[in-house]
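The following paragraphs lead the reader through selected parts of the fold. Please consult the sequence and the coordinates alongside the text.

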Amino acid sequence: MIDKLQSLRVIPVVAIDTVEDALPLAEALTAGGLPVAEITLRTDAGIAAISKMAELEGFLVGAGTVHSADQAKQVVDAGAKFIVSPGFNPRTVQWCLDHSVPIFPGISSPTDLESAIELGINVVKFFPAEQIGGVKMLKALQGPYGEIRFIPTGGINVDNLGEYLSLPSVVACGGSWMVKPDLIRSKNFEEIQRLTRDAVQSL
């Protein structure tokens with residue numbers, strides 16, 4: 001899973017309101033060169049959207065904003081292949097480890113990183129990236145935590161993407177600039193495809 005995400009380099013982070021938009025969105029992302037999405041549970045349609053996207057062959061769908069072991073089970077049952085959480089919840093992480101589900105828990109401090117190491121996690125979400133120091137913070141963490149790798153998310157866009165991806169500790173970056181909710185609501189999948197393609201070409 002980590003190798004797959006590293007090969008893609010960018011993970012679209014999606015908040016989707018209507019399940020009917022799930023398949024056209026997945027197709028637009030795939031056509032743009034990113035057959036992957038982290039569907040957040042910020043909306044009621046999240047789990048149903050995961051289930052729909054999981055049907056598309058070759059598309060890698062994960063779940064984000066997962067706060068509990070119960071939610072983790074729900075999204076895995078729906079077809080999610082990986083889980084992302086905004087913070088470090090030991091029970092959620094342990095459930096995923098017990099069920100061999102890739103999880104990337106959110107961290108924002110050395111204390112969080114120590115909790116990850118304690119449970120054998122070596123790839124974490126760095127969130128909210130820009131607000132907690134961005135590239136400078138990641139460089140500072142690389143020293144004492146050289147074995148940890150990061151998926152920065154939060155405030156990342158096409159302008160600062162390259163700076164993050166240039167760090168050896170970064171696996172991939174999460175971003176929502178190519179899948180903004182207003183673009184999805186207006187069904188502007190052509191623009192989503194264009195923005196996705198631009199992101200891929202910038203790598």
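In this predicted model, strand 5, which spans residues 103-107, has 5 of its 5 residues buried, so the strand is largely enclosed by the rest of the structure. Buried here denotes a relative accessible area under 20%. In a regular strand, side chains alternate between the two faces of the sheet. Strand 5 can be read in these terms: I103, P105 and I107 point one way, F104 and G106 point the other way, and all are buried.

The neighbours of strand 5 within the sheet come next. Strand 4 runs parallel to strand 5 and is joined to it by 3 bridges, with I83 standing opposite I103. Between these two strands the chain passes through helix 5, and the resulting β-α-β crossover is right-handed. Strand 6, comprising residues 123-126, is also parallel to strand 5, and 2 bridges connect the pair. In this pairing, G106 of strand 5 stands opposite K125 of strand 6. Helix 6, residues 110-118, completes a right-handed β-α-β unit with strand 5 and strand 6.

Helix 4 offers a view of how a helix packs against its surroundings. Within this helix, residues 69-78, the buried positions include A72, V75 and A78. Seen down the helix axis, the buried residues of helix 4 fall within an arc of 130°, so they line one face of the helix. An α-helix has 3.6 residues a turn, so residues three or four places apart point the same way. On the other side of helix 4, D70 and D77 are exposed.

What, then, covers the buried residues of helix 4? The cover includes two helices, helix 3 (46-53) and helix 5 (90-98), together with strand 3 (60-64) and strand 4 (83-85). Helix 5 and strand 4 thus appear twice in this account, since they also belong to the crossover that leads to strand 5. Just after helix 4, G79 adopts a positive phi of about 120°.

A final site lies in helix 10, residues 189-201, which contains T196. Is T196 buried or exposed? Its relative accessibility is 0%, and T196 therefore counts as buried. A polar atom of the T196 side chain lies 2.7 Å from the backbone oxygen of I192. Leaving aside residues up to four places away in sequence, T196 touches L29, G32, G33, L34 and M178.

Terms used:
Residues are numbered from 1 along each chain as its sequence is written. This is a predicted model: local features need pLDDT of at least 70, side-chain atom pairs count only at pLDDT 80 or more; totals for chains, interfaces and linings use all residues. Side-chain values use heavy atoms; hydrogens and water are left out. Buried means under 20% relative accessible area, exposed over 50%, partly exposed in between (1.4 Å probe, protein chains only). Helices (H or I, at least four residues) and strands (E, at least two) are DSSP runs, numbered from the N terminus. The arc is that of the directions from the helix axis to the C-beta atoms. Contact means heavy atoms within 4.5 Å. Two strands pair if DSSP finds at least two bridges between them. A crossover is right-handed if, with the strands pointing away from the viewer, the path from the first strand over the helix to the second runs clockwise. A polar contact is a pair of N or O atoms within 3.5 Å; within protein, one must be able to donate a hydrogen and the other to accept it, and residues adjacent in sequence count only if both atoms are side-chain atoms.
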